[in-house]
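I am keeping these notes as I go through the structure, one topic at a time. Each entry records what I looked up and what I found.

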Amino acid sequence: PLELGTRMAGPTTPPPEVTSGPDRQLLAGYNDEGQVAVEQHYVEAFEPKNPVIELTRSGKGPLLWAGAASVYFNALVRTDFIDLGNGSVKAVVAQALNPDAKLRDRNVAMVIDIGGVKVEPGKTVTLPTRVFFGPRKRELLRDDYYAAFPLGYDRTLVVSGACSICTFQWLITALVWMLWAFHTITFDWGLAIICLVMVVRLLLHPITKRSQMQMMRMSKMAPEIERLKKKYGDDKDELNKAMMGLYKEHGPAQIMGCLPLFLQMPIWIALWQALQTTFELRLAPFLKFGGIHLTWIDDLSKPDQLFTWRPISLPFGIELGALNLLPLLLAVVFYLQQKFQPQPAVSTPEQLQQRKMMQWMSLLFPIFLYNGPSGLNLYILTSTGIGIIESKRIRDHIKEREEAEKSGKVIIDAKPTRAQRKQRELPSSLPDRDAKKKTGFMARLSELADNARREAERRARDKS
């Protein structure tokens, strides 16, 4: 009888699929109390000082399978002989073969070290091993076989990383479902992304409208802020108290102005995750029908690349190897958005510096997306362009309403709701009826009276 050990060389990482950013990784699935828990180790984690990562043990439970992957392909190995009692896995490690190479040239391989294999005289021993080499397609990996324990390969569709905490998995699933639905109608993934923009803008329209109203109110506060600065001079405490009272009176305009952008950030990140995990978008062109290609975009999962040349390494790990037109157009629409967006009044140099920083960030944002998927850039470009038109239309409507109220006209945006009709039917002697806020021309008169009263009080204080 013999007792042997053997070492199996696992799969190496597939070729990179994206130009920049985390792509290739080593995966390991663990038995977490009857559920498959997946850990991901990107190639960037295999540094020259730490070229080996142990996959055998984890706080999540015993190892079930391990392998290598890119954003669109899996190469997974499951060693069934773990449960046979004849032999045991001593170690499963992932090791960089050339840790000093550049990230795009760095290769990582998995090694399974097996020991304690007993072979009786004249007998043979088989160590069964199952492998999966295939695409990360949702309809495939969510099949009853691949999704069931102990495989759970559908868990590899969840992309982890620093940005994953800024979005939600259910949002990624919803976006993918909507993209599929629109694709069945338009037969083009780029048009499906544009349709998705329409839906998101429509859902966020009430918040966008309110934010524009608040921003316009804030932009009219500049004279009042200048008066407070002259009144309190260098007394910053009193000035801050007066400013807080002014902001409280006019509402949380600064927060509302940024709210649509904050609400769209998880959507952008979720769309980026969806593009990275939707296999059908790989090599999917934009506006190509019957062999006629109407645009230069031939792969929505990669940069649009109008022209290419030998890559040039830039700071912050950015490689410039093509002229990507969509990010440049994105910078233009971001500039126009900053140009035409009503800006709130600033009272301190710090607020002025913050405004300038936000303006610069809006121009730096396209730089970060320069090597991003063209599908994501197409979404942001379309959304920002529609947002500019939408904001202008809202501001024009607000100005028209203000002019109409000044002339004594009353504008009714929509039919009264059931609650409003009931409120009108209440007797006028009720306290709630008397306390109801005035609208239209009466509200304008009340505002003018309040302004005159505050101006009189100010003059009286100045004389004293």
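**Entry 1: the sheet**

I began with a single pair of residues and found that R78 has R130, in β9, as its bridge partner. I note here that I am working with a predicted model. Looking at the two strands as a whole, I saw that β6 and β9 run antiparallel and that seven bridges join them.

I then asked myself in what order the strands of the sheet are arranged. I found an open sheet of five strands, in the order β3-β2-β5-β6-β9, with antiparallel pairing. The edges are taken by β3 (35–42) and β9 (129–135), and each of these has a single partner strand, so one side of each is left without a neighbour in the sheet. I also looked up the twist, and on average neighbouring strands of this sheet are turned by 20° against each other, direction ignored.

**Entry 2: strand β5**

Next I turned to β5, which covers residues 63–69, and asked how many of its residues are buried. The count is seven of the seven, so β5 is largely enclosed by the rest of the structure. On one pairing, β5 meets β2 (residues 25–32) in the antiparallel sense over six bridges, and there I could pick out L27 opposite G67 of β5. On the other pairing, β5 and β6 (residues 73–79) run antiparallel and are joined by four bridges, with V77 of β6 as the bridge partner of A66. The connection from β5 to β6 is a hairpin through three residues.

**Entry 3: residue D23**

I looked for D23 and found it in the loop between β1 (2–12) and β2. Is D23 buried or exposed? Its relative accessibility is 4%, and because buried means under 20%, D23 counts as buried. Leaving aside neighbours within four places in sequence, I listed the contacts of D23 as P16, E17, V18, Y42, A69, S70 and V71.

**Entry 4: two helices**

Finally I looked at helix α8 (residues 325–340) and helix α10 (residues 374–406), whose axes come within 10 Å and cross at roughly 20°. That angle makes α8 roughly parallel to α10, and I noted that the crossing is left-handed. Among the residues that make the contact are L329, V333 and F340 of α8, and L378, L381 and R395 of α10. Sorted by class, the contact has twelve nonpolar, four polar and one charged residues.

Definitions and conventions. Residues are numbered from 1 along each chain as its sequence is written. This is a predicted model: local features need pLDDT of at least 70, side-chain atom pairs count only at pLDDT 80 or more; totals for chains, interfaces and linings use all residues. Side-chain values use heavy atoms; hydrogens and water are left out. Axes are lines fitted to C-alpha atoms, for helices over the stretch in contact, and angles run from 0 to 180 degrees between N-to-C directions. Angles under 35 degrees count as roughly parallel, over 145 as roughly antiparallel, 65 to 115 as roughly perpendicular and the rest as oblique. A crossing is left-handed if the near helix is turned anticlockwise from the far one by less than a right angle, and right-handed if clockwise. Contact means heavy atoms within 4.5 Å. Ala, Val, Leu, Ile, Met, Phe, Trp, Tyr, Cys and Pro count as nonpolar, Asp, Glu, Lys and Arg as charged, and the others, Gly among them, as polar. Buried means under 20% relative accessible area, exposed over 50%, partly exposed in between (1.4 Å probe, protein chains only). Two strands pair if DSSP finds at least two bridges between them.
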